[in-house]
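User: Could you take me through the largest pocket and whatever sits in it? I'd like the contacts and the cut-offs behind them.

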Amino acid sequence: MIRFTFKTSIANCNADIDEKSWYEIKLAMFLRVKISPGTQPSAVHSFTRESEQPTHNVCGDWPNPDFSKTLGVVAWRRSMAVRLAFKTSCTVLSLLSWKGDEFGSEITDEVETEEPIAEGSSSSISNSCTTLRKTVQARLSPVTQKELNLQSTKVLAALGQLPQYTNANSVALYMSMDSCEVKTDLLIRDALQRGKKVYLPRITELARFDDFKRHANQKSCLHFLQVHSADLDKMVPRGKYQLREPDFHVSGDVVTNDLLLSGTKLDLMILPGVAFTSSCDRLGHGAGFYDDFIKRYVEKHSNKPYLLGIGLKEQLEPSLPLESHDEKLDCVILGNGQIFHK
Ligand SMILES: Nc1nc2c(c(=O)[nH]1)N(C=O)[C@@H](CNc1ccc(C(=O)N[C@@H](CCC(=O)O)C(=O)O)cc1)CN2
Ligand SMILES: Nc1ncnc2c1ncn2[C@@H]1O[C@H](COP(=O)(O)OP(=O)(O)OP(=O)(O)O)[C@@H](O)[C@H]1O
């Protein structure tokens, strides 16, 4: 949205107002917008200065002086007054209806159009994601705890058959929420019993470790922290999303259990999600945490861990609205035992 300061004196200009529609004039003004860093954009409205007589621009030339004392001039004055009033109200109405004049809006270098949201644009994708999250959540809310436990056991059984799990030395998992997700307590204990290093996510303000901001609204990112069996029962729901999260272990000034900070390689990352497809796409809760973390990991290690999504059978969708930053998974396991590979 652009805020225009519209400075022009119609009095000294000869604008072909009769020939050009106001929209053409507005368009000309848009095209003439000049923006340089640090300055307010301004529209240069350049008409040809033709006369010092204000009425000329609106009402045409002054009548021939020879007629100025005749009766005709009275009629001309009346008609001029009517035309002047008409033109003025047109001008006021046009300016009022001009959307570019919405004050207080942010200044950008793009002109916002009133076009409908284009299919495939990031705002249309974001709208479809929000709608889809609601649809899937509505399908998930009636799923009972008994059913959640049953499906979670099936996920564990399928996981036990996957070489990327059985051979992994280090695994990132997540602490499940009370509903709508595969329960991970069994999976975490299984991995620990198999002697794997287990890491769980902790939402961390960017400022805490001076992590860089990847996208405009980002305030926090995930840190994966190593846990042991003794840590698990201590983890109580906390923060905005009431997630069970691990603590940072600190020795002196140094955090000792952080996956990325300690430079540990991760073999397998098991991801939660709101929805998955059979072609291994994933829709999360909309914070972009996992996509961001995977990129941070790649930036450090130049490779990705094996990415495995786990979901309930109700979380399978035929397709998902995707954005360019979305990371494709290598594999998806569902609570009915279905396994999909990329
Ligand atoms: N159990 C679990 N832990 C996790 C995740 C997860 O999906 N599940 N995360 C996965 O990244 C990270 C946390 N990210 C989250 C981001 C948003 C919301 C959430 O509830 N957001 C919305 C609701 C969005 C929706 O409709 O789904 C909210 O603000 O209310 C939850 C977790 C790390 N830990
Ligand atoms: N790398 C990125 N570049 C630009 N924008 C991003 C990036 N990652 C996330 N975003 C923005 O953050 C928001 C959330 O992203 P997205 O919908 O992919 O999250 P999600 O994968 O559903 O969430 P999560 O991983 O936390 O479960 C979107 O508005 C998206 O445009």
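Analyst: Here's the pocket, followed by its two ligands in turn.

A quick note on provenance: this is a predicted model, where local features need pLDDT of at least 70, side-chain atom pairs count only at pLDDT 80 or more, and totals for chains, interfaces and linings use all residues. Residues are numbered from 1 along each chain as its sequence is written, chains are lettered from A and ligands numbered from 1 in the order in which they are written, and side-chain values use heavy atoms, with hydrogens and water left out.

The largest pocket has a volume of about 1000 Å³. A pocket here is an open set of points on a 1 Å grid over the protein atoms alone, where a 1.4 Å probe fits, with protein on both sides within 12 Å along at least five of seven lines; lining residues have an atom within 4 Å of a point. Volume is the space filled by probe spheres set on the points, which are joined across faces, edges and corners. The lining takes in 40 residues, with H285, G286, A287, G288 and F289 nearest the centre. By type, that lining splits into 17 nonpolar, 11 polar and 12 charged (Ala, Val, Leu, Ile, Met, Phe, Trp, Tyr, Cys and Pro are nonpolar, Asp, Glu, Lys and Arg charged, and the others, Gly among them, polar). Helix 4, strand 2, strand 5 (243–244), strand 10 (282–283) and helix 10 each give the lining at least two residues; these are DSSP runs numbered from the N terminus, helices being H or I with at least four residues and strands E with at least two.

Ligand 1 sits in this pocket, meaning more than half of its atoms lie within 2 Å of the grid points. Around ligand 1 there are 17 residues, the closest being M175, E181, Y241, H285 and F289 (near means a heavy atom within 4 Å). Its shell is made up of 12 nonpolar, three polar and two charged residues. For polar contacts (N or O pairs within 3.5 Å), a ligand nitrogen lies 2.8 Å from a backbone N or O atom of M175, and a ligand nitrogen lies 2.7 Å from a polar side-chain atom of E181. On the oxygen side, a side-chain N or O atom of H285 is 2.8 Å away. The protein covers 78% of the 680 Å² of accessible area ligand 1 has on its own (Shrake-Rupley, 1.4 Å probe).

Ligand 2 sits in the largest pocket too. Of its 15 surrounding residues, R282, G284, G288, F289 and H325 come nearest, and the shell holds three nonpolar, six polar and six charged. Helix 10 gives the largest share, three residues. A polar backbone atom of G284 is 2.9 Å from a ligand oxygen, and one of G288 is 2.9 Å from a ligand oxygen. The side chain of D291 has an N or O atom 3.2 Å from an oxygen of ligand 2. Taken alone, ligand 2 exposes 630 Å², of which the protein buries 79%.

How values were computed. Polar contact = N/O pair within 3.5 Å; in protein donor to acceptor, adjacent residues only side chain to side chain.
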